Amino acid sequence: MQERKFVINAVIIAIGLIYVIRLFFLQVLDSSYKIEAEINAIEKVVDYPYRGLIYDRHGDLLVFNTPVFDITVVTKEFKLTDTLLFCQRFGISKEEFITKMKDIKNPLKNRGYSRNKPQTLFKQLSLEDFAHVQDYMNDYPGLYTQARTIRSYSYPSAANALGYIGEISPKALEKQKDGYYKQGDYIGISGIELFYENELRGRRGVKYIMKDVHGVQKGSYRGGAYDTISAPGENLTSTIDIKLQQYGELLLQNKIGSVVAIEPSTGEILSFISSPSYDPNFLTGRKFSENYVTLEKDPYKPLFNRPLMAMYPPGSIFKLAQAAIALEEGVITDHSRFPCDKSLVNCHEHPSPQDLRGAIQWSCNPYFYMVFKKMISQDKNPNKFKDTEANFDVWRNHMLTFGFGQKMLVDLPNTKSGNIPSNAYYDRVYGDLHWKFSTIYSLSIGQGEINVVPIQMANMAALIANKGWYITPHLIRSIGKDKHILEEYKNRHVTSVDPKHFQPVIDGMEQVVLAGTASWLKIKDIEICGKTGTAENPHGDDHSVYIAFAPKDNPKIAIAVYVENAGFGAMTAAPIAHLMIEKYLKDTITRPPLEKMVLDKNLLHKVKTKP
């Protein structure tokens, strides 16, 4: 009996000791439970970092941050005795306020709703607007302030390159892998803002603030021991020359099209113009949604990023690639001559016959018809259909090394690949071994099934200027304090054409400006090599196309201009290109009448738009 009593007492003492040790551990050594107990009296405040700034290539500030304030509400704490007075003070109608509160409490519209957590009531109040309501905040328990920043733009330019930020969508929230974003956070949605989101966003911090029973802040919790400091995003230096960008946008006003200018030796994009466009400040602040809808409904589609997404037939500028590939394949020499036989394909009047340089100078369609025919129909195989397919594959593989028919991996999202048709495509359309040169001859002059995007056209100009190589075009030249650049924008891409075959092409392009289809546009003291193009448009007037680079030796700028419904390349696209080249190389314009002629053209009325 005594033993049983001893055992029971021992068990009781042991259990007691376990509880004492556990309580000592929880209360003295481990503060997590205490923190949990205190958490209801602590406000967690997210410290949003400053988003990285964006500069132009010369250090001019393009994108910066402006402070704004969100007013949040914790519905469990929020009490109103005079709704009308509240609405008057905060500049909102009673009906709007009631709707807002219903939406906040509706879990179908607000997935992150909790009556214990702050919910956004008023977004992005400016400093001035916040000053008007700041004194009223203490009158309403449950109202809190969240400081943020929004993007602001120094110039009303380059919107399609810079992009914009906005509130993260539910779909994007679900797709994120690192769990960084919460509902209500802002994120890059397009342009540089999206592509370099990870570099620009920085790292958010958290502050824990103690409150009394009335919700009044009493200072940092535990002296800030659990706070984390936010880190600003990295600044970006872009490749854009903002003065050239603004000038190009001026020349392209009242026109639909695009301009892309590149520094050939680096692949840096000097100007990136989509027209019509919009002031990037239009998509900032409290009216973002309203303004976005306005832009989205605009029949001229200012949100459509034409340099990357508009796919066009290239027209006669494609003859330059045809010439280089034909020389590589040995089906012609630079001295090969063909008469301008208009029974083959239509052409304008010019001296005939021409060699390769002259054919480029005068943009002779029959010449390049014959060049393409010699490339595709070589009689290497007695079966003419198999011969066509084999030679077509060789031709297409060359074209792919020029950057055509695939996405140009520029540092912007949503790039289109254009189209260089394949054997498989023609087999589907016409049947295997049922097509030949006469089926596809329109490819010879950049028509038919060929489509390119303007960034590919500008890249071809840079590639020819470099005699057969290019660096992928890009919009950011350095990131952060260490000035690094993404690795893919350092590497050369070399075409399958020997560099020596580009010299006759370049000579022909020089003759285009000196004595050919663009001779009226030559500029004193600047050797410009160019090529005009007129792309057929089945829906209206033809499109005006031009590519060029300058100077001929050690080129500093390569440019592509595409203007919809503007007719001959020499009449609209070429003047824009030459004016921009002069502006960039000489920082002046020597022919104001030419500039006036371009500015006076209003081509928007030629474009059919839906009502």
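Trainee: Why are helices α21 and α22 called oblique to each other?

Mentor: This is a predicted model. In it, the axes of α21 (residues 573-586) and α22 (residues 592-600) cross at roughly 130 degrees. Angles over 145 count as roughly antiparallel, and 65 to 115 as roughly perpendicular. The angle falls in neither range, so the pair is oblique.

Trainee: Within what distance do the axes of α21 and α22 come?

Mentor: They come within 10 Å. The crossing of α21 past α22 is left-handed.

Trainee: Which residues make the contact?

Mentor: From α21, Pro575, Ile576 and Leu579 take part. From α22, Leu594, Glu595, Met597 and Val598 do.

Trainee: How do the residues of that contact divide into nonpolar, polar and charged?

Mentor: There are 6 nonpolar, no polar and 1 charged. Glu counts as charged, and Glu595 of α22 is in the contact.

Trainee: Now the protein chain. How many helices and strands are there?

Mentor: The chain has 22 helices and 18 strands.

Trainee: What makes the chain more spread out than a compact globule?

Mentor: Set the value against the rule. For 611 residues, the globule rule gives 25 Å. The radius of gyration is 33 Å, well over that, so the chain is more spread out than a compact globule. The C-alpha trace spans about 120 × 70 × 45 Å along its principal axes.

Trainee: What share of the 611 residues counts as buried?

Mentor: The share is 49%. Buried here means under 20% relative accessible area.

Trainee: And what share of contacts between residues at least 6 apart in sequence joins residues at least 24 apart?

Mentor: That share is 71% in the protein chain.

Note on methods. Residues numbered from 1 in each chain as written. Predicted model: local features only at pLDDT ≥ 70, side-chain atom pairs only at ≥ 80, totals over all residues. Heavy atoms only, no water. Axes fitted to C-alpha atoms, helices over the stretch in contact; angles between N-to-C directions. Helix = DSSP H or I, 4+ residues; strand = E, 2+ residues; numbered from the N terminus. Parallel < 35°, antiparallel > 145°, perpendicular 65-115°, else oblique. Left-handed = near helix turned anticlockwise from the far one by under 90°. Contact = heavy atoms within 4.5 Å. Rg over C-alpha atoms; globule rule 2.2 N^0.38 Å. Buried < 20%, exposed > 50% of the residue type's maximum accessible area, 1.4 Å probe, protein only.
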